[in-house]
Amino acid sequence: MRSFACLLLLLAVSLGVTADSNPQGADSGDVRVVLETDQGPVVMQLFNSKAPKTTQQFLNHVDSGFYDGTIFHRVIPGFIIQGGGFTPELVEKAVSVSIPNESRNRLPNRKWSVAMARLNDPDSAGSQFFINLANNSELNFSYSKPGYTVFADIIAGQDILEAATKTPRATRGHLDDVPETPLLIIKAYRQEPGL
């Protein structure tokens with residue numbers, strides 16, 4: 001029994017899964033998505049039942065190949081890393097459908113959670129998402145203001161995201177905090193169950 005427990009621990013360590021990356025709202029039917037980056041895989045655990053409209057929109061983009069060839073175009077160390085909408089040439093990809101804000105699910109914007117980016121209109125999220133690099137409670141839902149919808153946790157590849165925050169950043173066009181060497185999403189895809 002002890003050797004089996006050790007084997008499970010070794011497997012978790014090799015996948016980069018730690019106690020800090022424990023999914024906060026996962027159910028047995030929830031989906032995992034792999035962001036295959038030019039620096040290695042980043043794995044997300046989606047919360048289908050907690051943010052159904054958001055996860056469906058995200059999965060529609062994954063399945064259609066929308067995220068393939070996009071970059072993390074905004075990096076603010078100690079705060080967030082944002083992607084899902086720009087090519088390496090900083091051409092914004094068009095999105096025709098916005099989704100309603102689901103931040104009332106009360107999933108917190110804690111470190112390594114993933115939330116949808118949006119404009120001032122709370123129901124304006126399209127394709128862009130951000131990964132929290134800290135516990136950003138000011139982004140959570142409250143009765144006085146809408147929050148940012150958390151729909152996933154990063155469960156592997158945190159070291160890749162941390163490394164991406166070390167590159168110098170600049171203003172390019174109308175975008176601030178653009179990394180000089182952005183992290184590229186080569187391909188996004190659903191992870192097969194049991195892997």
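The legends below describe close-up views of a predicted model.

**View 1. Overall arrangement of helices and strands in the predicted model**. The protein contains three helices and ten strands. Along the sequence these elements follow the order α-β-β-α-β-β-β-β-β-α-β-β-β. Of the 195 residues in the protein, 47% are buried. When contacts between residues at least 6 apart in sequence are taken, 68% of them join residues at least 24 apart.

**View 2. Helix α2, residues 52-64**. Helix α2 has 13 residues, and at 1.5 Å a residue these should span 18 Å. The C-alpha atoms at its two ends are 18 Å apart, which agrees with that expected span. Just after α2 comes glycine 65, whose phi is positive, at about 85°.

**View 3. The buried residues of α2 and the strands they pack against**. Thr54, Thr55, Gln57, Phe58, Leu59, His61 and Val62 are the buried residues of the helix. Strands packed against by the buried residues of α2 include β1 (32-37) and β2 (40-46). From further along the chain, β5 (113-116), β6 (129-132), β7 (150-156) and β10 (184-190) also pack against these buried residues.

**View 4. Surroundings of threonine 54**. Threonine 54 belongs to helix α2. Its relative accessibility is 1%, so threonine 54 counts as buried, the cut-off being under 20%. With neighbours within four places in sequence set aside, the contacts of threonine 54 are Ile99, Pro100, Glu102, Met116, Thr149 and Phe151. Threonine 54 is also one of the residues that line the largest cavity.

**View 5. The largest cavity and its lining**. One cavity of 30 Å³ or more is found in a search of the whole structure. The space in the largest cavity is about 50 Å³. Its lining is formed by Thr54, Ile99, Pro100, Asn101, Glu102, Met116, Arg118, Pro122, Ala125 and Thr149. By residue type, the lining comprises five nonpolar, three polar and two charged residues.

**View 6. Nonpolar cores**. The largest nonpolar core is made up of 32 residues. Within this core, Leu35, Met44, Phe58, Phe129 and Phe151 have the most contacts. A second core, separate from the largest, has eight residues, among them Leu107, Ala117, Phe130 and Val150. Phe58, from the largest core, is also one of the buried residues of α2. Phe151, likewise listed for the largest core, is in contact with threonine 54.

Key
Residues numbered from 1 in each chain as written. Predicted model: local features only at pLDDT ≥ 70, side-chain atom pairs only at ≥ 80, totals over all residues. Heavy atoms only, no water. Helix = DSSP H or I, 4+ residues; strand = E, 2+ residues; numbered from the N terminus. Expected span 1.5 Å × (residues − 1). Buried < 20%, exposed > 50% of the residue type's maximum accessible area, 1.4 Å probe, protein only. Contact = heavy atoms within 4.5 Å. 1 Å grid on protein atoms, 1.4 Å probe; cavity = no way out; pocket = protein on both sides within 12 Å on 5 of 7 lines; lining within 4 Å. Points joined across faces, edges and corners; volume = space filled by probe spheres on them. Nonpolar A, V, L, I, M, F, W, Y, C, P; charged D, E, K, R; others polar. Core = buried A, V, L, I, M, F, W, Y, C linked by side-chain atoms within 4.5 Å.
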